[in-house]
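I opened this notebook to record what I looked up in the model, starting with the domains of one chain and moving on to the chain interface, the sheets and the unusual backbone geometry.

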Amino acid sequence: MTEKKHLLSILVENEPGVLSRIAGLFSGRGYNIESLCVAETADPLVSRITMVTIGDSFILEQIKKQLNKLINVIKVSDLTGLDYVGRELVLIKINAKTENRAEILRVIDIFRGQVVDVGQDHYTISITGDTEKISAILNLLKPFGIRELARTGSIALFRENKSK
Amino acid sequence: MNKLTGAQILMQMLKEEGVDTIFGYPGGVVLDIYDELARTDLRHILVRHEQGAVHAADGYARATGKVGVCLVTSGPGATNTVTGIATAYMDSIPIIVFTGQVPTKLIGNDAFQEVDIVGITRPCTKHNYLVKDVKNLAKTIKEAFHIARSGRPGPVLIDLPKDVSISKTNFKVPDDVELRSYNPTYVPNKKQLEKVVALIKKAKKPVIFTGGGVILSKAHKELAELAKKTKIPVTGTLMGLGGFPGTDPLWLGMLGMHGTYRANMSVSECDLMLAVGVRFDDRVTGKTDEFATDAKIVQIDIDPTSIQKNIQVAIPVVGDCKITLEMLNQLINKENTDDYEQKHKKWLDKIKNWKHTTPLAYNQKNVIKPQYVIEKLYELSKGEAIITTEVGQNQMWASQYYHFNQPGRFISSGGLGTMGFGLPAAVGAQAGMPDKLVVDIAGDGSIQMNIQEMATAVQYNLPVKIIILNNGFLGMVRQWQELFYDRCYSSTKFVHTPDFVKLAEAYGAVGLRATKPKEVESVLKKGISSPGPVIMDFVVEPEECVYPMVPAGAPISKMLLV
């Protein structure tokens, strides 16, 4: 069976130890976590975990069942293959010497990014987008020398039906 | 409303949940709870090691079908419970473990006897709690009992900081628990069951395969009805023993690594397998690629994660075993036109022939054979005893040569395989079933792992009988060394073993010994009829092996026979 990336959206009780239960489940059973993003929802008693994991359909079935089995997990949705909106935020600290500055700004402009901090010889840039867009800009910026990078991992929501 | 302390609330809630017996060991941070305990009519059984407390609560739960409860202190008291908790978790046994914790303001400071027991036990509990505010205590206890006994049962731990047991709050018994994130499916999908009935009607060589789920959901009557009506033979896992009468002609014996020849062959050749409350453990399936390859497999389980975990199944059915079998029986009754007796005759004859050509067997000569001791015990106790076991050869021989006609009679650590389980579990079972004969079938290795609980048995006059099949070896490991490691008996020979008769006497119990086959019966008779706890030391054949045996990773049809 072929391995595939899956984007899971998990609603959990907003309680101490819940993330540890989920992380422990993945490490204990040898599942992979590619990225993980956790924050409160509109209901402060509930948090949403958005997770990218990898596995074949057999493993994914177990992952979803095992997550559902945890007492604090309210709902597990696999957004893979469904219509969803996904975004990731990345902060990039990049070498920005005088001769490169104009070129870097052009690239950022094309990707609708922003320079959020400037120094003598660096820029810190913020970009949001889906995973492909992030990969594309990182490829373009790499030659200038990326000093540091922070990514949030994907967050996503299912797209509702547009008509009423 | 009257204000109660945390300790008082704990006692009230235990009463509310119908608890009358708890197993425990006091210590610094649970002093207030023990002080309160002394003012109640709860029976507290003081064990000699916290591991013993958990196994005893576990044995109590398995024997009575109620939730077992234990109470220990923080730090080492709490860590000593871990093996017991993992044992109960693997076998889905409902127990509640209360651990003391350092005061909330000291948590995280590496205080004296502090350990993060909630963190440590997360992977081996069904759920666990750290109670930080006394206001949440009653609700937490209510939830814990609900979670432990519902769905697929399991252990739940509640960590109680010292200040929570002292501080006061208004107490009211909480309403029934409703958890939005926990709702086990009890009633199965009827459409799935209709498909199952169609398969049963079509099958020529069907087998029912039962496990611990049948016992936990008390589905034994429904199972017997199904098997007898459809004339389908039944095999079971170690955990399933007693779920179907062990003396019924349809019973095939246990399957798997030390299963009977006819059970393993039936499973390998069947065209339909109805798996009820099992999880297809590797000790049962052997090589999964060659497990029941000709069969359409139906799997009934209340825990969706058990389904399709190790083995691909044709029809998954999520539901409680009892309710599901009840519904299945109704469906079959509705269109009961088939003559199953006639239809399965050829298949049942074939199985009968397997039993005839390759039965469980041993050869009793001049040295006591361990199998003989268990057969004699079965005879003398008329199959009515509650049997607990340790782990290893003693456990396998007990499962092969004692026949269980009722659930709750065979109490053994199946999943985790915990040596040292049998004696404390017997203590717990006896506490719950005072009028029953409770026998721990042990080896000379495993009995020494929790031998201290002899003192508990004597103190509370819990008249457990311990049978030691004394071969001077860690028998099962030695057997593997004999068969697969060129008889290199690395660290499996006990060069020094205590005199178990004197040891029994030192504890204030009765000690008996048999060294010749002709002494077996009289020692058993004397032991069983003694009023208090007894250790019976049987000096048995040192290098006897458990057969049949399927080497690890081989298909279960490839058995080593005697």
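**Entry 1: domains 1 and 3 of chain B.** I looked first at the contact between two domains and found that 23 residues of domain 1 of chain B touch 27 residues of domain 3 of chain B, where contact means heavy atoms within 4.5 Å. Before going on I note that this is a predicted model, in which local features need pLDDT of at least 70 and side-chain atom pairs count only at pLDDT 80 or more, while totals for chains, interfaces and linings use all residues. Residues are numbered from 1 along each chain as its sequence is written, chains are lettered from A and ligands numbered from 1 in the order in which they are written, and side-chain values use heavy atoms, with hydrogens and water left out.

The bounds I used for chain B are 3-170 for domain 1, 190-357 for domain 2 and 370-539 for domain 3; such bounds come from an automatic or database domain assignment. Taken over C-alpha atoms, the centres of domain 1 of chain B and domain 3 of chain B are 29 Å apart. The two domains bury about 1900 Å² between them, with 64% of it on carbon and sulfur atoms; buried area is the accessible area (1.4 Å probe) that two parts lose on being put together, summed over both.

I then asked how many salt bridges the rule finds across the interface of domain 1 of chain B and domain 3 of chain B. The count is zero, a salt bridge being a side-chain nitrogen of Lys or Arg within 4 Å of a carboxyl oxygen of Asp or Glu. Polar contacts, however, link 10 residue pairs across this interface, both residues being at pLDDT 80 or more. A polar contact is a pair of N or O atoms within 3.5 Å; within protein, one must be able to donate a hydrogen and the other to accept it, and residues adjacent in sequence count only if both atoms are side-chain atoms. On the domain 1 side, strand E3 (43-46), helix H3 (50-64) and helix H5 (82-90) of chain B each give two or more residues, and H3(B) has the largest share with 10 residues. Helices (H or I, at least four residues) and strands (E, at least two) are DSSP runs, numbered from the N terminus.

**Entry 2: chain A against chain B.** Here 18 residues of chain A and 16 residues of chain B take part in the contact. The buried area is about 1600 Å², to which carbon and sulfur atoms give 48%, and A:Arg21, A:Phe58 and A:Ile71 supply 41% of what chain A buries against chain B, more than any other three residues. I counted two salt bridges between the chains, one of which pairs A:Glu13 with B:Arg180, with the closest N and O atoms 3.7 Å apart. There are also nine residue pairs in polar contact, both at pLDDT 80 or more. Helix H1 (18-28), helix H2 (57-69) and strand E4 (73-78) of chain A each supply at least two residues of the chain A side, the largest share, six residues, coming from H2(A).

**Entry 3: the sheet of chain A.** Four strands form an open antiparallel sheet in the order E2-E3-E1-E4 (chain A); two strands pair if DSSP finds at least two bridges between them. Five bridges join strand E1 (residues 4-13) of chain A to E4(A), and A:Leu8 has A:Asp78 as its bridge partner in E4(A). H2(A) lies across E1, E3 and E4 of chain A, running at about 160 degrees to E4(A); axes are lines fitted to C-alpha atoms, for helices over the stretch in contact, and angles run from 0 to 180 degrees between N-to-C directions.

**Entry 4: a sheet of chain B.** This open sheet has six strands with parallel pairing, in the order E16-E15-E17-E18-E20-E19 (chain B). Strand E16 (410-411) and strand E19 (510-514) of chain B each have a single partner strand, so one side of each is left without a neighbour in the sheet. Helix H23 (residues 517-529) of chain B lies across E18, E19 and E20 of chain B, at about 165 degrees to E19(B).

**Entry 5: backbone geometry.** Most residues other than glycine have a negative phi, and most peptide bonds are trans. B:Asp486 is not a glycine, yet has a positive phi of about 50 degrees. The peptide bond between B:Tyr547 and B:Pro548 is cis, with omega about -5 degrees, and B:Pro548 is found in the segment after E20 of chain B.
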